[in-house]
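Visitor: I would like to know how the labels on a structure are earned. Please take me through the reasoning, case by case.

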Amino acid sequence: MYGAIEAGGTKFNLSLANDRGKIIKEKTLATGSPQEVLDQIISFYRKNPVQALGVGLFGPVDLDPSRETFGCLLKTPKEAWRNYPFYKKLSQALPGTKLALDTDVNVAGLGEYYLGNGLGKKSLLYLTIGTGIGGGYILKGRPLQGLSHPEMGHILLRPHPQDSFSGTCPYHDYCLEGMAAGPSIYGRYKKFGQDLDPNHEAWTFLAYYLAQALVSYTVVLRPDQITLGGGVMHSPNLLTRVRENFSDLFHNYLDLPPLEDYIKPPRLKDRSGIFGALLLVLDENTKKQLILDSDLEREN
C-alpha cells in the first residue's frame, strides 16, 4: 500500500492507494492547528499502514535534506504553522514508513505533467490560486529547484488603475498572492468569492493580476503549457478573462500555442495534488502502470 497527502492551507487530503497506484480510500481534514492535524494523520495511517507516504506541503517549506530544518514550514501566513517541523514529527510518529516531501504546488504540477495537461510535453507550469498562490515548474519531469523551491505567489505587480487595494500579504504590498488569492477578495469587500456576482469588479482585478503574472512566467520560464488550479479559478468566466488580459498585455511578443491550449484548467481537476504526491513514492513499475491506466481511462 502507498499513501499520499495533499496538505493545503485550507484542508489536508489523505489517501491510500494499492499496488497499481489506484486510490482506494480517502479522508479530508480541515487545516486546524498543527497538533490536531498531525494526530488525525497518524491515526489514519496507523489504521491503514503504508510502505511509503508522499506529501505535498503548503509553503514556504525547507526542502534541503541536509538541514536539520528539512520539512519545516517557514514564513507561512498561517501563523500557528510557522517553524513547525512537520516532516520530523511525522517521521517520528510513523517509523518504518518511507516519507517523501515536496511543496503542494510542485506535486500538483507533477500530477498534471505525468497524468494530465503535460502529457507529451517537455515542461509545464502549475499555479494554484486559492487560500494562497503558489507555482511549480516541471521541466523534463522534475520540479524547478534552486536555493529552495520557487515562491511564485510573491512576485510584485502593477496595480490596476481602478484598484486602491494594496494586498493582504503580511510581507509585501502589491504581490500576486496579496492581490489575487482568495483572502484578497475578503480583504477588499468583506465577502467571499463565492458570494460575489460573476460580473463583480473583483474578477476584473483578479484576471488582470493573474494575467500579469502569467506574462512574467512566460517570458522567464517559457513553459509549454500553463495549468491554473485552485478554488478561486472555479469562478465562472475567470479563466476566459485571464486569457483575454494575457493577450492584451503580451501583444504577441513570442510565438505561443492558442491560448485555449496554453492556459488551461487542470485535466485532473481537483485531483492533481493527490496524484502528484502519490507519484513521489511509487516505484517505477507502479508509476508506469498508473500512467498507462490513466491513458486508458481517457481513451474510454
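Guide: Start with Asn-245. A polar atom of its side chain lies 2.8 Å from the backbone oxygen of Arg-241. Keep in mind that this is a predicted model.

Visitor: What makes the pair Arg-241 and Asn-245 a polar contact?

Guide: The cut-off is 3.5 Å between N or O atoms. The distance here is 2.8 Å, so the pair falls within the limit.

Visitor: Where is Asn-245, and which residues does Asn-245 touch?

Guide: Asn-245 sits in helix 7. Setting aside neighbours within four places in sequence, its contacts are Ala-207, Tyr-208 and Ala-211.

Visitor: Why are the side chains of Arg-188 and Asp-163 called a salt bridge?

Guide: The rule asks for a Lys or Arg nitrogen within 4 Å of an Asp or Glu carboxyl oxygen. Arg-188 and Asp-163 meet at 2.7 Å, N to O, so the rule is met. The pair links distant parts of the chain, 25 residues apart: Arg-188 in helix 5, Asp-163 in the loop between strand 8 and helix 4.

Visitor: How do you know whether Arg-188 and Asp-163 are buried or exposed?

Guide: Buried means under 20% relative accessible area. Arg-188 has 16%, so it is buried. Asp-163 has 9%, so it is buried.

Visitor: What makes Glu-68 and Lys-88 a salt bridge?

Guide: Their N to O distance is 3.5 Å. The limit is 4 Å, so the pair counts. Glu-68 lies in the loop between strand 4 and helix 2, and Lys-88 in helix 2, so the bridge ties together parts 20 residues apart in sequence.

Visitor: Why is Glu-68 called exposed, and Lys-88 partly exposed?

Guide: Exposed means over 50%, and partly exposed runs from there down to 20%. Glu-68 has 65%, so it is exposed. Lys-88 has 39%, so it is partly exposed.

Visitor: How many salt bridges are there by this rule?

Guide: The count is 5. Another of them joins Glu-284 and Lys-287 at 3.7 Å, N to O. Both residues lie in helix 10, 3 residues apart, about one turn of the helix.

Visitor: Why is Lys-287 called buried?

Guide: Its relative accessibility is 15%, and the cut-off is 20%, so Lys-287 counts as buried. Leaving out neighbours within four places in sequence, Lys-287 is in contact with Leu-279 and Leu-282.

Visitor: What about Glu-284?

Guide: Glu-284 has 48%, between the 20% and 50% cut-offs, so it is partly exposed.

Terms used
Residues numbered from 1 in each chain as written. Predicted model: local features only at pLDDT ≥ 70, side-chain atom pairs only at ≥ 80, totals over all residues. Heavy atoms only, no water. Buried < 20%, exposed > 50% of the residue type's maximum accessible area, 1.4 Å probe, protein only. Contact = heavy atoms within 4.5 Å. Helix = DSSP H or I, 4+ residues; strand = E, 2+ residues; numbered from the N terminus. Polar contact = N/O pair within 3.5 Å; in protein donor to acceptor, adjacent residues only side chain to side chain.
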